[in-house]
Amino acid sequence: MQRAIFNEDHEAFRDVAKEFMKRFATNERRAAWDEAGEIDRETMKAAAEYGLIGLSVPEEFGGAGMLNDFRFRAVVGDEAIKAGSGSLAGAFGIHDDLAVPYLVHFGTDAMKQKWLPRMATGQILGALAMTEPGAGSDLRGVRTTAKKVDGGYLVNGAKTFISSGKTSDVVVTFVKTGEGNRPDAFSLLLIEDGMEGFEHSRTLHKMGFHGHDTAELSFTDVFVPAENLIGEAEGQGFIQLMKNLPLERLSIAVAAASAAEAGLGWTLEYTTNRGAFGQQVVDFQNTRFRLAEMATTVDVMWAYVDRAMDLYSKGELSADEAAKVKFWTSEREWEVLDMGVQLHGGYGYSMEYPIARAFTDARVHRIYGGTNEVMREIVARAVTGRK
Ligand SMILES: Cc1cc2nc3c(=O)[nH]c(=O)nc-3n(C[C@H](O)[C@H](O)[C@H](O)COP(=O)(O)OP(=O)(O)OC[C@H]3O[C@@H](n4cnc5c(N)ncnc54)[C@H](O)[C@@H]3O)c2cc1C
């Protein structure tokens, strides 16, 4: 089904993204990213030069000013995924959808002046650290503390599962600045790579997204200057997270739809070229029916995701609508890619094939950004009006 949300500017931008992927998302480079467990900095800088990152940075700071218009970021992610690199799409998304928005929405003028121009050019890359070894879904259970001292804060604690945690230069970090677990007991601090006592302690070995680093971070008496508090006052962190989480969930839904569509394309191509019992696999009735199901599901996913992007651009994507689209699309993605793997036979299980990589990448879409169980809780609360 023809999607209706893009205009000629997006199509022209898609050509630029395609050109970048052709040059940079080659099989050789992708294998190198997987081997290193991270995207190299030169690629990220080149992406910024092509105008593919820094999209959510306002124009006055050198970015594209597209924080509220998700379509350009959707195009970039789509092309990276179709080029077989979910990791590259992930690295772009963490910077533009998870880190930059906190500075744009809540940062002081001084903070914006200091960081955003370099975040627009990819010189400075950001990450977002909420999760801890003892607290993921239940964010109010975090234990990383930021104690007020002369001129700033002393931070102690640990974070885990932080995407771009090793390669980022600044980390928007969720900390406790107050007692108890009331929403106003938390703040966000911008913690800089190189601050004494801040370490990227370990890079995690994951099931998928092999080319994108996910790290543990540790903080031992890290002095963070008061100017790195995100927002005008302490105690805003929880509310700030709640305001940005719909964007994070939308970005997962968009990636899920892109991966499902890419999976359909790879499966169609593979089954057309593969023979069995004297015919092409694509001509078995089962294959035809599965492809029909996959194609229909992809169309419905896009119809839903495009509507969510539209609502987001108008500032109308509510927390429960974002939760719905995140859990529903990530589950459809899983089903579509599973069909794709099956239709590839044994080759679907080989990481040399993009369908296998997309399948393992997809698994985490049901876990991060808030698990799909937590998403259902949010939706159920809205549906029933009960806690
Ligand atoms: C590859 C990867 C990248 C990530 N990137 C980031 C990142 O950049 N920044 C960041 O801060 N975090 C990141 N995360 C962390 C991720 O958001 C958490 O793993 C996720 O929110 C779940 O938290 P948890 O792992 O502590 O699981 P838990 O919260 O311990 O959940 C365990 C199980 O209990 C279920 N559960 C929990 N609460 C409820 C409930 N109320 N009702 C029903 N079931 C419930 C969960 O759904 C899950 O099935 C990443 C994780 C991964 C795997």
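**Ligand shell and internal cavity**

The shell around the ligand draws at least three residues from each of two domains, domain 2 (126-235) and domain 3 (239-384). The model is predicted. The ligand is surrounded by 17 residues, of which T131, S137, F161, T371 and E373 come nearest. Among the secondary-structure elements, strand 1 (126-129) and strand 3 (152-163) each supply at least two residues of this shell. Strand 3 gives the most, with three residues. By class, the shell comprises eight nonpolar, seven polar and two charged residues.

Polar contacts to the ligand involve both backbone and side-chain atoms. A polar side-chain atom of S137 lies 2.6 Å from an oxygen atom of the ligand. At G136, a polar backbone atom is 3.3 Å from an oxygen atom of the ligand. A nitrogen atom of the ligand lies 2.9 Å from a backbone N or O atom of L128. On its own the ligand has 970 Å² of accessible area, and the protein covers 65% of this.

Internal space was examined separately. A search of the whole structure finds one cavity of 30 Å³ or more. The largest cavity holds about 80 Å³ of space. Its lining consists of 13 residues, with D34, S87, H210, R357 and D361 nearest the centre. Helix 2 (27-36), helix 5 (86-106) and helix 10 (354-362) each supply at least two residues of the lining of the largest cavity. The largest share, three residues, comes from helix 10. The lining of the largest cavity divides into two nonpolar, seven polar and four charged residues.

Methods
Residues are numbered from 1 along each chain as its sequence is written. This is a predicted model: local features need pLDDT of at least 70, side-chain atom pairs count only at pLDDT 80 or more; totals for chains, interfaces and linings use all residues. Side-chain values use heavy atoms; hydrogens and water are left out. On a 1 Å grid over the protein atoms alone, a cavity is a set of points where a 1.4 Å probe fits but cannot get out, and a pocket is an open set with protein on both sides within 12 Å along at least five of seven lines; lining residues have an atom within 4 Å of a point. Grid points are joined across faces, edges and corners, and a volume is the space filled by probe spheres set on the points. Helices (H or I, at least four residues) and strands (E, at least two) are DSSP runs, numbered from the N terminus. Ala, Val, Leu, Ile, Met, Phe, Trp, Tyr, Cys and Pro count as nonpolar, Asp, Glu, Lys and Arg as charged, and the others, Gly among them, as polar. A residue is near a molecule or strand if one of its heavy atoms lies within 4 Å of it. A polar contact is a pair of N or O atoms within 3.5 Å; within protein, one must be able to donate a hydrogen and the other to accept it, and residues adjacent in sequence count only if both atoms are side-chain atoms. Accessible areas come from the Shrake-Rupley method with a 1.4 Å probe; for residues, only the protein chains shown count as cover. Domain bounds come from an automatic or database domain assignment.
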